[in-house]
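Trainee: Could you walk me through this one before I set up any calculations? I would like to start with the ring contacts and then move on to the helices and the core.

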Amino acid sequence: MTATTSTASAPAQLTVEKVGGRLGAVISGVRLGGDLTPETVAAIRAAALAHKVVFFRGQDHLDGTSHEEFGKLLGNPVAHPTVPSADGRYALGIDSDHGGRANQWHTDVTFVPAYPAFSILRAVTVPPYGGNTLWANTATAYSNLPAPLRALADSLRAEHTNDYDYAALRPNPVPEQLAHYREVFTSTKFRTEHPVVRVHPETGERTLLLGNFVQRISGLTGKDSRTLLNLFQAHIERPENTVRWQWQPGDVAIWDNRATQHYGVDDSDDHARKLRRVTLDGDIPKGVDGRPSVLLSPETVPDPAFGPASGATTAA
């Protein structure tokens, strides 16, 4: 780790240590929960915006309720648009035995217009080896593109959907997992057109909006679309744009879902890996030209209780 730096608006005991050159920091000196002071919450939010993903060790005291209460201090928790919690809570189970081995680069829930602004992931059970998560900084990926590629990306839009070939991404899926995915994850099939470059509503940065939910570049088909997608995605995945976290029970990660992609590595064999995620409501992205994202289908969302992040909010 690099030298410790204090966050200006934070209590004296709260410190931030960078773990990567372009993203990632560990925050120490705070016990997460719903009783934090506004100054502490503001410091955590500022660190998450600056470092894109921040990590906390030793938060074993958190449970489903206190996890959500902390989330409410940062924003409005929202349910997953197709996988709501059975007990009505916002904390979504990310479990290895129920499709929780992502093994692919993605930004959470980009198949709807107002996808989450932040995600808060808590480790409950971790395997004895493997099961790390990687994050990539999509702002530095954009800013370090050659100028002609930045200009090209600024002009493009792309279609995102949750109706993709899960079996192709996981060549040997467990039949039960594949059935669970098809029955639950695509219970409603969403399709949304986003700008390939969005302007971050809080930092003003330009970020690449891609990941595995992208089906194609709008206006292109086949090889041309795939070539461009691979080109820009390769810049996001460059090692200097990434950070890797080795989970311990009680760890918490918070990331800016508008400026990152992440990848849950499936390399822990059959060992259990159980995490819980609370997502916070986001806004509808706008491209460099000011055009907002647009929900293409369905025209209406089956359950409005899912809130704006489910796609219920239409583009203005």
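Mentor: Let us begin with a term: a charge sits over a ring if NZ of Lys or CZ of Arg is within 6 Å of the ring centre and within 35 degrees of the ring normal. Keep in mind as well that this is a predicted model.

Trainee: OK, so which ring does the charged end of Arg258 sit over?

Mentor: The ring is that of Phe118, and the charged end of Arg258 lies 4.9 Å from its centre.

Trainee: And how many aromatic pairs does the structure hold?

Mentor: There are seven aromatic pairs. One of them joins Phe55 and Trp245, whose rings are stacked, with 4.0 Å from centre to centre and 0° between the planes. Because Phe55 belongs to strand β4 (residues 53–56) and Trp245 to strand β14 (residues 242–245), this pair ties together parts that are 190 residues apart in sequence.

Trainee: Are those two, Phe55 and Trp245, buried or exposed?

Mentor: Phe55 counts as buried, with 0% relative accessibility, and Trp245 counts as buried too, with 6%.

Trainee: Which residues do the ring pairs link into a cluster?

Mentor: The cluster is made of Phe55, Trp135, Trp245, Trp247 and Trp255.

Trainee: Switching to the overall picture, what does the secondary structure come to?

Mentor: The chain has seven helices and 18 strands, and 53% of its 316 residues count as buried. If you take the contacts between residues at least 6 apart in sequence, 82% of them join residues at least 24 apart.

Trainee: What about helix α1, how far does it reach?

Mentor: Helix α1 covers residues 38–51, which makes 14 residues, and it reaches 20 Å from its first C-alpha to its last, close to the 20 Å expected at 1.5 Å a residue. Its buried residues are Thr40, Val41, Ala43, Ile44, Ala47, Ala48, Leu49 and His51, and they pack against several elements, including β2 (15–18), β3 (25–28), α2 (64–74) and β15 (252–256).

Trainee: Which element gives the most to the largest nonpolar core?

Mentor: That is α1, with five residues. The core has 24 residues, of which Ile27, Leu32, Ile44, Phe56 and Ile254 touch the most other members, and the elements that give two or more residues to it are β3, α1, β4, α2, β7, β15 and β17 (274–280).

Trainee: Then what is Ile44 in contact with, leaving aside its neighbours within four places in sequence?

Mentor: With that restriction, Ile44 is in contact with Leu14, Ile27, Val30, Leu32, Leu36, Phe56, Phe70 and Ile254. Apart from this core lies another one of 21 residues, among them Tyr142, Leu145, Val214 and Ile217.

Trainee: Back to helices, then: which residues of α7 are buried?

Mentor: In α7 the buried residues are Ser225, Leu228, Leu229, Phe232, Gln233, His235 and Ile236. They cover an arc of only 155° around the axis, and therefore they are on the same side of α7. The face turned away from that buried side carries the exposed residues Gly222 and Lys223. As for its span, the 15 residues of α7 (residues 222–236) should cover 21 Å at 1.5 Å a residue, and the end C-alpha atoms are 22 Å apart, which agrees.

Trainee: Now the backbone, what is phi of Lys52 near?

Mentor: Phi of Lys52 is near 75°, a positive value in a residue other than glycine. Lys52 is found in the loop between α1 and β4, and at 3% relative accessibility it counts as buried. Val109 is not a glycine either, yet it has a positive phi of about 60°; its place is in the loop between β6 (92–95) and β7, and at 6% relative accessibility Val109 counts as buried.

Trainee: Which residues does a cis peptide bond join?

Mentor: A cis peptide bond joins Ser297 and Pro298, with omega at about -5°, and Pro298 is found in the segment after β18 (294–297).

Trainee: Last one: where is Ala259 placed?

Mentor: Ala259 is in the loop between β15 and β16 (260–264), and at 0% relative accessibility it counts as buried. Its C-alpha atom is separated by 8.4 Å from that of Ala136, although the two residues are 123 residues apart along the chain. Leaving aside neighbours within four places in sequence, Ala259 is in contact with several residues, including Lys52, Ala136, His200 and Thr207.

Definitions and conventions: Residues numbered from 1 in each chain as written. Predicted model: local features only at pLDDT ≥ 70, side-chain atom pairs only at ≥ 80, totals over all residues. Heavy atoms only, no water. Phe/Tyr/Trp six-rings, centres within 6.5 Å; stacked < 30°, edge-to-face > 60°. Helix = DSSP H or I, 4+ residues; strand = E, 2+ residues; numbered from the N terminus. Buried < 20%, exposed > 50% of the residue type's maximum accessible area, 1.4 Å probe, protein only. Expected span 1.5 Å × (residues − 1). Contact = heavy atoms within 4.5 Å. Arc of directions from axis to C-beta. Core = buried A, V, L, I, M, F, W, Y, C linked by side-chain atoms within 4.5 Å.
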